[in-house]
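Trainee: I've got a model open and I'd like to test the labels people put on it. Can we go through a few?

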Amino acid sequence: MRRTITALACCLLLSYTCTAQRKLEAIYSDVALFWHAFDQLQHAQSKEDSIRILDQEYIYKGSAGVQQFLQGRISSGKYLQKTISQHPNYYTYLRSHTTKLNKILPRLDKHYKRLKKLYPDTDIPKVYFVIGALNSAGTIQQDPIVGVDMFGYYPETPKQELSPWLKSVLRPIEEIDVVVMHELVHMLQKGNEDTENTLLKKSIGEGAADFVGELVTNSNINKHIHDYGNAHERELWHEFKRQMHDTDISNWLYNGLTSKNRPGDLGYYVGYKICEAYYQSSKNKKQAIKEILNISDYDVFLARSGYELKLGQASR
Ligand SMILES: [Zn+2]
């Protein structure tokens, strides 16, 4: 009996230690696998042949990340072949940048440790990096999956094959770790599922991912929006406040393509500023992070942030 208890205690201790030291594993073997298949495409005799190569050499051999990225994204070898045939120069250009992943992805380990320090409940064992069909930078299935194909955008990228939407969402690969951390913060958020998806709720959700992501990476995927936001903060707030209980988010979020006369996605900015005010006014920073990630009442959160008051004082 005594032996059993001791063994059990050791086992518990061991599992606790493992959890506490757990690292984030970045799995990117699918990227090399894809390029291997891509090379074989040049010897394909027909479209059907190309589809077969992509199916057999990439999709069937791919990791669990590729399998999870099929539905609604890569779809099939047939769909991937069509996408590649419509964007041959882009994929070819992308390749030279994906070789940087082995230098960039080790940063994730550092970011993850910082995130875990800020929010000890963080428990995300792995993230997959795959090449997709130019329709998604990432998703969260059983695991987070990142579409590396969306990270080949540079001034010299061949753009003639790219749709306006792609031109607005593609990014350089150097930003991939910051995007990943934004997505991982989303995984930690336990917002109130029962409340309506208002502009306030959605903007705080996005702003929190940017804010906590920035604490961890010292960078922000929406830096360009902040320049405009800081210059127009008060007028933006008044406009936002009038609409924040509506469920129509089309003027504030995911509107990079349709926004006229000002940058899209300014809801990220307003949400960020609310979270920033909440964090700054909190004495216990660790507790503040916990509260930012576990919001049950968005109006109460906004009031407690003191954002509006702060803004009023700043304008005096
Ligand atoms: Zn987001």
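Mentor: Sure. Bear in mind that it's a predicted model. Buried residues make up 36% of the 316 residues in the chain, and the chain has 18 helices and four strands.

Trainee: What makes Ser 282 partly exposed?

Mentor: Count the neighbours: Ser 282 has 16 other C-beta atoms within 10 Å. Buried takes 20 or more and exposed takes 12 or fewer, so with 16 Ser 282 is partly exposed.

Trainee: Where does Ser 282 sit, and what is it in contact with?

Mentor: Ser 282 is in the loop between helix H15 (266-281) and helix H16 (285-293). Setting aside neighbours within four places in sequence, Ser 282 is in contact with Gln 287 and Ala 288. As for Arg 304, 22 residues apart from Ser 282 along the chain, the two C-alpha atoms are separated by 9.4 Å.

Trainee: Now helix H6. Which of its residues are buried?

Mentor: In H6 (residues 77-86), they are Gly 77, Leu 80, Gln 81 and Ile 84.

Trainee: How do you know that the buried residues of H6 line one face of the helix?

Mentor: Look down the axis of H6: the buried residues fall within an arc of 100°, so they line one face. The spacing rule helps here: an α-helix has 3.6 residues a turn, so residues three or four places apart point the same way.

Trainee: And what do those buried residues pack against?

Mentor: Helix H3 (47-59), helix H5 (70-74) and helix H7 (88-98).

Methods:
Residues numbered from 1 in each chain as written. Predicted model: local features only at pLDDT ≥ 70, side-chain atom pairs only at ≥ 80, totals over all residues. Helix = DSSP H or I, 4+ residues; strand = E, 2+ residues; numbered from the N terminus. Arc of directions from axis to C-beta. Contact = placed C-beta atoms within 7 Å.
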